[in-house]
Amino acid sequence: MSVQKVIITGANGMLAHALKETIGSNFDLIALTEKELDITNSEDVLDTMRDIRPDVLVNTAAYTYVDKAEQEQTLARLVNGTAVGYIAKACNITNTRVIHISSDYIFDGEKKGDYTENDEPNPVSVYGISKLIGERELTKHTDNYVIIRSQWLYGDHGSNFAETIISLAEKKDELKVVDDQYGSPTYTMDLAQVIKLIIQRNDIKKDIFNFSNEGVVSWFGFAKDIFRIMGVEIKLIPVDSSSYPRPAKRPHNSALDKTKIKKALGLDIRPWYDALYEYMKKTGRI
């Protein structure tokens, strides 16, 4: 059996780094940076796909500035939305399966329980709208796709909540952290392992899955456990979202139900706290 050829877009990103570490030795891997593949250029995308003809493309390229997107609506919609359509069209021509990373921000956060893959999206921010456009562009132009909706990503080689809060603690004696937004912190290495499993399962396509680490917590609770693991004493003050206004509205509850992906892949997903502990150990914090 020949080794599958896999393209990763957005090669400099946090998830792409985790993917390179996780799947690099298992596949013929081509990781392309924004300069090597501009996904917003339809001709560039098509030429690249025709030249490489990969079996799978994992799209980790994204516009991730949630607040900035409120002002840069055109750019956010182009990168997260229209460009995904370019990828889908090109991959449909080369018979390439697309694994696309989407977001919990496609939901409004008003649901009392965990969101399933069948719940109706209703984004409340430009970023969320742009990610939903990307999902719809993908499903419109190819049937050979897998969408993974994830949330609260953290890991090496990127800006994320864990690194931000640790950095702030080095400069301040107390921190105010939002305590009325709930979700599941997701370690990029765990998401990368799931993507690896999906790449190996050629029978999985035309499908949508939720994935995050197990357990639900607020940003305040997440911050509290970051410092608990590190053994750092700092005063944390829980506040409502209204006390910390941001340009983009966030969903209050974006917890994701993972029953479907656990059944499809036979997954035993570890709790977010265990994954966070491993990350802290890996980065030399403990």
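**Talking through the fold**

Colleague: Let's start simple: of the 286 residues of the chain, what percentage counts as buried?
Modeller: Keep in mind that this is a predicted model. A residue goes down as buried when its relative accessible area is under 20%. Apply that cut-off to the 286 residues of the chain, and the share that counts as buried is 53%.

Colleague: And what radius of gyration does the chain have, set against a compact globule?
Modeller: The C-alpha trace spans about 55 × 35 × 35 Å along its principal axes. For 286 residues, a compact globule would come out near 19 Å, and the chain agrees with that, since its own radius of gyration is 19 Å.

Colleague: How many helices and how many strands are there in the chain? And what share of the contacts with a separation of 6 or more is between residues 24 or more positions apart?
Modeller: On the first point, the chain has 9 helices and 12 strands. On the second, take the contacts with a separation of 6 or more; the share that joins residues 24 or more positions apart is 81%.

Colleague: What about the outside: how much of the accessible surface belongs to carbon and sulfur atoms, and how far apart are the centres of the positive and negative side chains?
Modeller: The accessible surface comes to about 13200 Å², and carbon and sulfur atoms take 46% of it. As for charge, there are 36 positive and 41 negative side chains, and the distance between the centres of the two sets is 1 Å.

Colleague: Which helix is largely enclosed by the rest of the structure?
Modeller: Look at residues 14–23, where Met14, Leu15, Ala16, Ala18, Leu19, Thr22 and Ile23 are buried. Their cover includes strands β1, β2, β3, β4 and β6, along with helix α6. With 7 of 10 residues buried, the helix that is largely enclosed is α1.

Colleague: Now α5: within what arc do its buried residues fall?
Modeller: The buried ones are Ala162, Ile165, Ile166 and Ala169. Seen down the axis they line one face of the helix, because they fall within an arc of 100 degrees.

Colleague: Why would a pattern like that come up in a helix?
Modeller: It comes down to the helical repeat. Residues three or four places apart point the same way, because the number of residues a turn in an α-helix is 3.6.

Colleague: And which elements do the buried residues of α5 pack against?
Modeller: Start with the strands: β6 (153–154) and β7 (174–178) are both packed against them. On the helix side, the partners are α7 (219–230) and α9 (272–282).

Colleague: What about α9: within what arc do its buried residues fall?
Modeller: In α9, Trp272, Ala275, Leu276, Tyr279 and Met280 are buried. They line one face of the helix, because their arc is within 140 degrees.

Colleague: Which residues does Asp225 contact, leaving aside its neighbours within four places in sequence?
Modeller: Asp225 sits in helix α7, and α7 is among the elements covering the buried residues of α9. At a relative accessible area of 10%, Asp225 is buried. Its contacts, sequence neighbours aside, are Trp272, Tyr273 and Leu276.

Colleague: Asn95 and Lys206 have positive phi without being glycines. Are they buried or exposed?
Modeller: Asn95, with phi near 55 degrees, lies in the loop between α3 and β4. Lys206, at about 50 degrees, is in the loop between α6 and β10. Exposed means over 50% relative accessible area; with Asn95 at 61% and Lys206 at 52%, both count as exposed.

Colleague: How far is Thr40 from Ser242 in space?
Modeller: Thr40 is in the loop between β2 and α2, and counts as partly exposed at 24% relative accessibility. Beyond its neighbours within four places in sequence, Thr40 is in contact with Leu78, Val79, Ala83 and Tyr86. Ser242 is 202 residues away in sequence, and the C-alpha to C-alpha distance is 35 Å.

Colleague: Last one: what relative accessibility does Gly134 have?
Modeller: Gly134 lies in helix α4. Leaving aside neighbours within four places in sequence, its contacts are Asn80, Gly81, Val84 and His100. Gly134 counts as buried, and its relative accessibility is 0%.

Note on methods:
Residues numbered from 1 in each chain as written. Predicted model: local features only at pLDDT ≥ 70, side-chain atom pairs only at ≥ 80, totals over all residues. Heavy atoms only, no water. Helix = DSSP H or I, 4+ residues; strand = E, 2+ residues; numbered from the N terminus. Rg over C-alpha atoms; globule rule 2.2 N^0.38 Å. Buried < 20%, exposed > 50% of the residue type's maximum accessible area, 1.4 Å probe, protein only. Contact = heavy atoms within 4.5 Å. Areas by Shrake-Rupley, 256 points an atom, 1.4 Å probe, with all protein chains shown as cover. Lys, Arg positive; Asp, Glu negative; His and termini not counted. Charge placed at Lys NZ, Arg CZ, Asp CG, Glu CD. Arc of directions from axis to C-beta.
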